[in-house]
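Let's take a walk through this one, starting from a charged side chain and working outwards. Keep the viewer open as you read.

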Amino acid sequence: MIAQYSRAIINTCLSLYSVRLFLDILGASDYGIYSVIGGIIAMMGFITNALVITTQRYISFYHGRGEQKYVKQLFKNSLFLHFVIAISLFIVFIVLRDCVVYHLLNIPDGRHEVASKIYIMSGLMLVITILTAPFKALFIARENIVFISIVEVTDGILKVLLAYSLTLITLDKLFVFSMMMTSVLSLNLAAYMIYALTRFEECSIFIRKRDISKQIQKQLAGFAGWTTYGMGAIACRTQGAAVLLNIFFGTIINAAYGIANQVYGSIVFVSSSVLNAMNPQIMKAEGAHDRKRMLRLAGQQSKFSAALMMIVAIPVMVEMGTLLPIWLKNVPPYTVMFCRFILIAFICDQLTIGLNAANQATGQIRTYTLLMFTPKLLFLPIAWLLLKNGGSPTSIMWLFLIIELGVSLMRLPFLHRTAGLDIKQYIADVVIPLLPLCLASTVSAVAIATWIDIPLRFILNIIISIAIGGFIALTVTLNREERYFLKHFIHKKRHADNN
């Protein structure tokens, strides 16, 4: 477990440093072009996330039932479905290329041709990412998070090396940059595929006609369809905001928004490590018809994830104005604001994130998806109205935060109705114990930032605030059972790492 987090922290540092290099080498305008075009393609990356969740859910569920033969058939059908979707989406994006690049986006004069090439490379990246999804889902279902961490660290090292190599290249750096990113994703796919084929008996890339089951395809497509809608709402909300900012304010602000999402992506490993580790257990508990344990694990997942995010993100948010100028040579306007709002919204989401996994385990996907993700999709027309009537980027980020908090709270009554969740017990066990942690982390970080003025103060602030937050989490936030669970979980992961 310690080794896993060490690798994740290393990868975070590499990722943040590579962003600094790319921004410095490409410049704010070109980096903004890449962010907004990559964002358009990434809007469809939600399909990848939906398929990962779907594949992992069913593999974990039937692992819990002990039906190994059915798991192998599930994987083959999932891989076939991924291939069909990847090729179909690539064709659609190629058809829409001129419309997006020359008419929809606000691209600086003289950069449309290279933007068109980047659009194609981004489409290829989408295809590679989708094809990677079933293999990554298999690793998560198998609870082999260590190999995922290794691949991600290697990914970070390669990006730093590629950033340095850009300084030696005389060709158009923006186009070469997009080619490099595509190559890195290809290597990731190869790593997942080769390892899975050699270590997991249910993994096979040889799919015969008789392996394709209409029943399984329908089952996967039905679950993935609603999951895709949910992931699509998030992607459209996130990347649609980038397009709106581009239309109203140009590519420079896209650089700021892109950097904020990089910061979010670098810190989110804290939560994703918990989710990847506990999601299979939640699915297996439901598969074994143990609803009580499933809901208990979902509450613990929310608590652990939110606590870890508070411990790490709160001091980072407080010191954001100091960190960004050190990290980046030139900080685009609004970057600090974007970073803070996105991280606060994510913490709000983590308060009930385990209930999302609980709902996936029960399979009550349609109504849940419509209720929880439609408000996120409605963010776009409301944001457009705000900007059209003179609203600032800050105003749409307030809207972003309010919707995220509202959706997080909506999970409680829904799971009460569908799975028998005790709302009062959940608030007492999960939400209230997090308040002292939130207060202690915020007060300590703000006090140090206000009263201490020394060089590199942010290092001292982050170390002290994380130490205080960790102490409060272990002594106040977590109860005895959860501390035992955490100790057992770390021991189990350490044993898995050693083997």
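E319 has a relative accessible area of 0%, so this glutamate counts as buried. Its partner is R457: the two side chains meet in a salt bridge, 2.8 Å from N to O. R457 is buried too, because its relative accessible area is 14% and the cut-off for buried is under 20%. The pair joins distant parts of the chain, with R457 in helix 18 (residues 457–477) and E319 in the loop between helix 11 and helix 12, 138 residues apart. Do keep in mind that this is a predicted model.

How many salt bridges turn up in a search of the whole structure? Four. Here are three of them, including the one just described:

| Pair | Closest N to O distance |
|---|---|
| R457 and E319 | 2.8 Å |
| R237 and E404 | 3.0 Å |
| K376 and E404 | 3.3 Å |

E404 appears twice there, and indeed R237, K376 and E404 are linked in a network of salt bridges. R237 and E404 are both buried, and K376 is buried as well. R237 sits in helix 8 (residues 214–249) and E404 in helix 16 (residues 393–419), with their positions 167 residues apart in the chain. K376 lies in helix 15 (residues 366–388), so its bridge to E404 in helix 16 ties together parts that are 28 residues apart in sequence.

R237 also leads us to the nonpolar interior. Leaving out residues up to four places away in sequence, F379 touches R237, along with A241, I396, L399, F400 and I403. F379 belongs to the largest nonpolar core, a set of 77 residues in which F338, F379, L415, L434 and L437 touch the most other members. Helix 11 gives this core its largest share, 14 residues. There's a second, separate core of 19 residues, with V71, F75, F147 and I148 among them.

Helix 11 deserves a stop of its own. A307 is in this helix, and at a relative accessible area of 6% it counts as buried, because the cut-off is under 20%. Sequence neighbours up to four places away aside, A307 touches L434 and L437. The C-alpha atoms of A307 and I347 are 8.8 Å apart, although 40 residues separate the two along the chain. K303 lies in helix 11 as well, which spans residues 291–318. Is this lysine buried or exposed? With 2% relative accessibility, K303 counts as buried. Its contacts beyond four places in sequence include D429, V430, P433 and L434, as well as T477, L478, N479 and E482.

Now for the outside. F80, F83, V84, I87, I91, V92, V95 and L96 form a nonpolar surface patch with about 700 Å² of accessible area together. One of these, I91, lies in helix 3 (residues 68–95). The protein chain as a whole exposes about 21,700 Å², 67% of it supplied by carbon and sulfur atoms.

Stepping back, the chain has 19 helices and zero strands. Of its 499 residues, 55% count as buried. Among contacts with a separation of 6 or more, 83% are between residues 24 or more positions apart.

Finally, a word on confidence. The chain averages a pLDDT of 79, and 78% of the residues score at least 70. Helix 17 (residues 423–451) has the highest mean of the elements, 93, while helix 1 (residues 2–42) has the lowest, 60. Where pLDDT is low, the predicted coordinates shouldn't be read in detail.

How values were computed. Residues numbered from 1 in each chain as written. Predicted model: local features only at pLDDT ≥ 70, side-chain atom pairs only at ≥ 80, totals over all residues. Heavy atoms only, no water. Helix = DSSP H or I, 4+ residues; strand = E, 2+ residues; numbered from the N terminus. Buried < 20%, exposed > 50% of the residue type's maximum accessible area, 1.4 Å probe, protein only. Contact = heavy atoms within 4.5 Å. pLDDT = per-residue confidence, 0-100. Patch = residues over 30% accessible without salt bridge, like charges linked within 9 Å, V, L, I, M, F, W, Y side chains within 5 Å. Areas by Shrake-Rupley, 256 points an atom, 1.4 Å probe, with all protein chains shown as cover. Core = buried A, V, L, I, M, F, W, Y, C linked by side-chain atoms within 4.5 Å.
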